[in-house]
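Visitor: I'm new to reading protein structures. Could you walk me through this one?
Guide: Sure, take a look and ask away.

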Amino acid sequence: MNYELLAEQFWRDGFLLIEDFFSLELMDEYNEKILQHFGMNPEFFHNEEFLTKSDTEVIPWFPQREGEILFDSVEQDHRLVALSQAILGSGWYTQYCMVMFSGQGTKGQAWHQDCPPENSHFFNLNRLVYTMDINEETGGKTMAVRGSHKLGVLPACDHDVDFPEQQIFSPKKGTLILLHGHTWHKVLPVTGKYRVSTNYRSAPKNVPENITDICVYRNMRYQFSTNTVVEDRLASA
Ligand SMILES: O=C(O)CCC(=O)C(=O)O
Ligand SMILES: [Fe+2]
C-alpha cells in the first residue's frame, strides 16, 4: 500500500475510500456485537430538539468506554495507523470509537461538517468502518462533496441541496472511508432494516479533544456538550 499516494489523494478530495480493507470475518464479529448492543429498536439518545432541527437520526455508542476489547482491533491495525500518520503527520492521536446506528425509516444525516471550518488546522479525521453492505436495499448511502474541505463553511440554506461535486458512496462490508471533518457530507435515509457505521475519530497534534463538540449544519451550529443551538444560521443569513 502506497501511503503517501493515498494521503495525497485524501488531501486533494477531502475523502478516501478503500474497499476490502478489513476482513469479512472481523466485520461479522463487529456487526454481531453492535446488534447485540442495540437490539433492533433502541431509544433515541439525543433530545427531541436536536433530532427535529438537525434532520439527523442516529444513535451513538462508544464501545471502548464499556471495555469492549474487540473494538481495539481496527484501531491497532498497522496499515490504518500508517495511513493515518501519512495523512495527519506525526503527533496525531486517536479520539474515540463511535458506532452509529439508524433504524428503518429514519432520515440519515443532513449535510454537515463535523466541526467548524474557520481554522483549517483544527479538524477531526473520520475513519469509517463499514461492517455491513450499504446499498440500494439498505439505503443510508454516504455522500460527500469533493474538495469541500477547502471551501470553508457549508452554505446556509433552509432546505436540502445538491452540489455539483457531490459523490455518493455505497461502502461494502470491509470498506474503509477516511473523511475530513470539514468536508461537507451527509447520510441518505435508511430504507432497509437498519444501518450501522463505526467511526474511529482521530486528529492532528494540537487539535483540542473536543473539536467535534460543535457541528455545522445548513441551518445551525449545534453544541453536543450543552445540547444547544449555538448559532441559528438562517436568522443571521
Ligand atoms: O456513517 C457515515 O457514513 C458517516 C457518518 C458521519 O457523518 C460521521 O461519522 O461524521
Ligand atoms: Fe459527520
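Visitor: How many bridges join S5 to strand S8?
Guide: Keep in mind that this is a predicted model. Strand S8 covers residues 176-180 and runs antiparallel to S5. The number of bridges joining S5 to S8 is five.

Visitor: Which residue in S8 does Asn126 stand opposite?
Guide: Strand S5 spans 125-129, and S8 spans residues 176-180. Across from Asn126, in S8, stands Leu179.

Visitor: Which strands stand at the edges of the sheet?
Guide: The sheet is open, with six strands in the order S1-S8-S5-S10-S3-S2 and antiparallel pairing. An edge strand here has a single partner, so one of its sides is left without a neighbour in the sheet. That picks out S1 (15-18) and S2 (59-61).

Visitor: By how many degrees are neighbouring strands turned against each other on average?
Guide: Here we ignore the direction of the strands. The average for this sheet is then 25 degrees.

Visitor: Which helix lies across S5, S8 and S10?
Guide: Helix H1 (residues 3-13) packs on the sheet too, but it touches S1 and S8, at about 130 degrees to S1. The one you want is made of residues 78-88 and runs at about 155 degrees to S5. That's helix H5.

Visitor: What about ligand 1: which elements give two or more residues to its shell?
Guide: The shell includes Asn126, Leu128, His185, Val187, Ser197 and Asn199. Match numbers like these to the strands at 125-129, 185-187 and 194-203. You end up with S5, S9 and S10.

Visitor: How many residues of that shell are polar?
Guide: Three are nonpolar and one is charged. The polar ones number six.

Terms used. Residues are numbered from 1 along each chain as its sequence is written. Chains are lettered from A and ligands numbered from 1 in the order in which they are written. This is a predicted model: local features need pLDDT of at least 70, side-chain atom pairs count only at pLDDT 80 or more; totals for chains, interfaces and linings use all residues. A residue is near a molecule or strand if its C-beta atom, placed from the backbone, lies within 6 Å of it. Helices (H or I, at least four residues) and strands (E, at least two) are DSSP runs, numbered from the N terminus. Ala, Val, Leu, Ile, Met, Phe, Trp, Tyr, Cys and Pro count as nonpolar, Asp, Glu, Lys and Arg as charged, and the others, Gly among them, as polar. Two strands pair if DSSP finds at least two bridges between them. Axes are lines fitted to C-alpha atoms, for helices over the stretch in contact, and angles run from 0 to 180 degrees between N-to-C directions. Two residues are in contact if their C-beta atoms, placed from the backbone, lie within 7 Å.
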